[in-house]
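Colleague: Please take a close look at a single part of this model and describe how its elements pair. After that, I should be grateful for a connected account of the ring contacts found elsewhere.

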Amino acid sequence: MNEYAMLHIPDSRYCFATGEKELVLRLRMSKEDEKAKVFLIYAQKYDFTFCRKKQPMEIKYSDKLYNYYEIKMQLTDVRFAYIFQIEEGGDTWYFSEDGVTKEYRFEEGFYNFFQMPYINKNDVMHTVDWMRSAVFYQIFVERFYKGNEKKDTNYINMKWDELPTPKSFAGGDLAGIMKKMDYLKELGINALYLTPVFRSISNHKYDTIDYFTVDPQFGTKEELRQLVKLAHDNGIRVVLDAVFNHCSMYMQQFQDVMEKGKNSRYYDWFLIEGDVPDPEKMNYECFAACNYMPKLNTSNEEVQEFLLGVAVYWIREVDIDGWRLDVSDEVSHDFWRRFRKAVKKQKPDSVIIGENWHDAYAYLMGDQYDSIMNYAFTKACLDYFAKGVFSAKEMAEKLNANLMRNMEQVNRMMLNLLDSHDTHRFFSEVNKDKDKMLAAIALEMVFEGAPCLYYGTELCMEGGYDPDSRRGFPWNQESWDMDFLETVKELIHIRKQPVVQYGEIQITEEKEMLRVERNGEQNRIILRINMTEKKDIPKQAEEVVLCEGNRFLITLMEN
């Protein structure tokens with residue numbers, strides 16, 4: 001038995017509460033030991049030495065190297081002690097805090113059993129319930145639709161259908177989103193993620209000048225309030241973009257430091273080497289290498305109080321439903337812990353989504369974010385659908401490995417995206433292959449977490465890297481592929497199935513096809529994706545077809 005591969009960590013992604021008396025336990029083992037039988041031996045903590053129970057564990061997930069055994073326990077006592085028993089080839093081993101041993105002295109178990117000492121109510125991470133059914137639609141506000149015909153348009157310097165440049169303006173605004181609300185509702189989405197809307201000199205607004213003012217190019221605070229209300233009236237949630245890692249060099253506080261140097265009361269709001277910030281020398285920390293976006297010192301308590309005020313203000317004033325956090329992995333953990341408490345106190349069912357492109361477990365332990373933008377899912381889809389790097393088996397292993405990074409609650413709230421304002425358009429990445437595009441969207445809708453469509457995906461919008469991925473929405477319906485659009489609507493509708501929202505997930509390879517199953521109490525939905533040259537996708541006679549394309553098939557089967 002490969003002891004080196006075995007891993008279990010109490011009170012972690014391998015042992016976590018999903019309710020006040022519900023506990024999930026995972027054990028990682030080498031795939032070469034897949035014939036082993038694994039049992040959980042457990043008891044109430046103070047009973048373990050003299051009275052225990054035993055239950056088998058099953059393989060729930062498999063990646064390239066490991067099998068992950070999982071069991072969900074309904075507890076009568078939240079003080080829980082346990083070890084693992086492994087049987088293989090006629091031999092028996094025990095796995096505890098002492099590692100793998102041939103013998104285990106149960107009468108001395110209080111020294112070395114694994115434990116969940118106590119499940120405290122306020123330590124349980126809860127799933128934001130509406131995220132189970134959420135289908136997000138990301139809008140780059142400047143390029144969606146220009147709805148205010150009376151505003152000053154002197155800033156507009158490009159035609160709507162021209163290719164954008166880093167400094168071009170097309171005129172999209174909040175009024176445009178409101179005017180197209182019927183389109184969004186008919187599409188079937190029920191959550192909006194808007195790129196920044198606050199005062200800024202750029203088209204993207206990621207360099208904030210004033211966090212308490214809606215940019216005049218987009219509208220007013222009252223229009224933002226109207227947009228959120230209209231969205232809510234149509235069953236659509238609204239999440240805004242919080243840019244708290246950095247700001248604009250024209251923000252009043254940074255300008256004060258530029259003028260007064262160390263004598264400014266805001267000097268410690270930023271990270272400066274020297275008496276006065278010098279944009280040419282770039283003697284201060286900033287976002288990437290952009291001297292016009294100085295980094296905020298989020299370890300400073302005054303900065304924290306200011307930004308927490310921003311977060312709570314827009315929830316209170318316009319009733320937004322959460323925040324997406326820009327460059328969130330460069331902001332202090334201490335700040336995000338305070339942020340979570342402030343935001344959840346103001347609106348308990350608001351969602352907090354970080355922009356972390358990599359494994360973000362340190363932020364996803366229940367004290368900071370709810371989830372992240374799932375760029376690991378993006379990368380896997382690129383490797384499978386666009387690059388041909390993964391076989392179906394390898395894709396299944398990668399998706400399983402990604403799920404094992406986090407607790408169950410987090411996986412149910414991950415923002416699963418194929419592309420965004422920061423990437424190439426996925427349709428261009430798959431070389432404008434509509435069959436592959438639809439298969440990828442099908443995976444998004446059936447996979448664990450909340451799918452997010454980047455505006456225009458439903459109409460096969462093309463685009464390379466920023467700024468080319470930020471083209472104007474093609475509102476000329478003569479250019480639309482209506483069959484493609486209708487299939488996307490069918491796929492979005494499948495997301496509304498309870499079995500997709502609550503069912504257990506199983507990801508495997510079946511006859512060179514990727515197979516994703518969501519299994520509920522009454523029925524199960526099965527997605528098969530075939531990326532081989534033979535595009536046939538067989539199904540069983542009892543399966544009912546819900547949606548299909550040339551590369552995918554989604555069926556429903558009664559249990």
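Modeller: Strand S21 pairs with strand S22 (residues 523-529) in the antiparallel sense, over 6 bridges, in what is a predicted model. One partnership can be named: Leu514 has Ile529, in S22, as its bridge partner. The connection from S21 to S22 is a hairpin that passes through 3 residues.

S21 also pairs with strand S20 (residues 504-510): these two run antiparallel and are joined by 7 bridges. Glu504 is matched with Asn519 of S21 as its bridge partner. S20 and S21 form a hairpin as well, with 2 residues between them. Within that turn, Lys511 has a positive phi of about 50°. S21 therefore pairs with both S20 and S22, since two strands count as paired when at least two bridges are found between them. As for covering, S21 spans residues 513-519, and 6 of its 7 residues are buried.

From the strands we may pass to the aromatic rings. The model holds 49 aromatic pairs. Among them is the pair of Phe95 and Phe114, which is edge-to-face, with 5.6 Å from centre to centre and 70° between the planes. Phe95 belongs to strand S7 (residues 91-96) and Phe114 to strand S9 (residues 114-116), so this pair ties together parts that are 19 residues apart in sequence. Phe95 and Phe114 are both buried.

Why does the pair of Trp357 and Tyr375 count as stacked? The ring centres of Trp357 and Tyr375 are 3.6 Å apart and the planes meet at 10°, so the pair is stacked; the cut-off for that label is an angle under 30 degrees. This pair links distant parts of the chain, 18 residues apart. Trp357 is in the loop between strand S16 (351-354) and strand S17 (371-374), whereas Tyr375 is in helix H7 (residues 375-386).

Are Trp357 and Tyr375 buried or partly exposed? Trp357 is partly exposed, because its relative accessible area is 34%. Tyr375 counts as buried, because its relative accessibility is 5%. The cut-off that settles the matter is 20%, under which a residue is called buried.

Finally, a charged residue also meets aromatic rings. Arg52 lies over the face of Phe48, at 5.8 Å from the ring centre. Arg52 lies over the face of Phe106 too, and there the distance to the ring centre is 4.1 Å.

How values were computed: Residues numbered from 1 in each chain as written. Predicted model: local features only at pLDDT ≥ 70, side-chain atom pairs only at ≥ 80, totals over all residues. Heavy atoms only, no water. Buried < 20%, exposed > 50% of the residue type's maximum accessible area, 1.4 Å probe, protein only. Helix = DSSP H or I, 4+ residues; strand = E, 2+ residues; numbered from the N terminus. Phe/Tyr/Trp six-rings, centres within 6.5 Å; stacked < 30°, edge-to-face > 60°. Lys NZ or Arg CZ within 6 Å of the ring centre and 35° of its normal.
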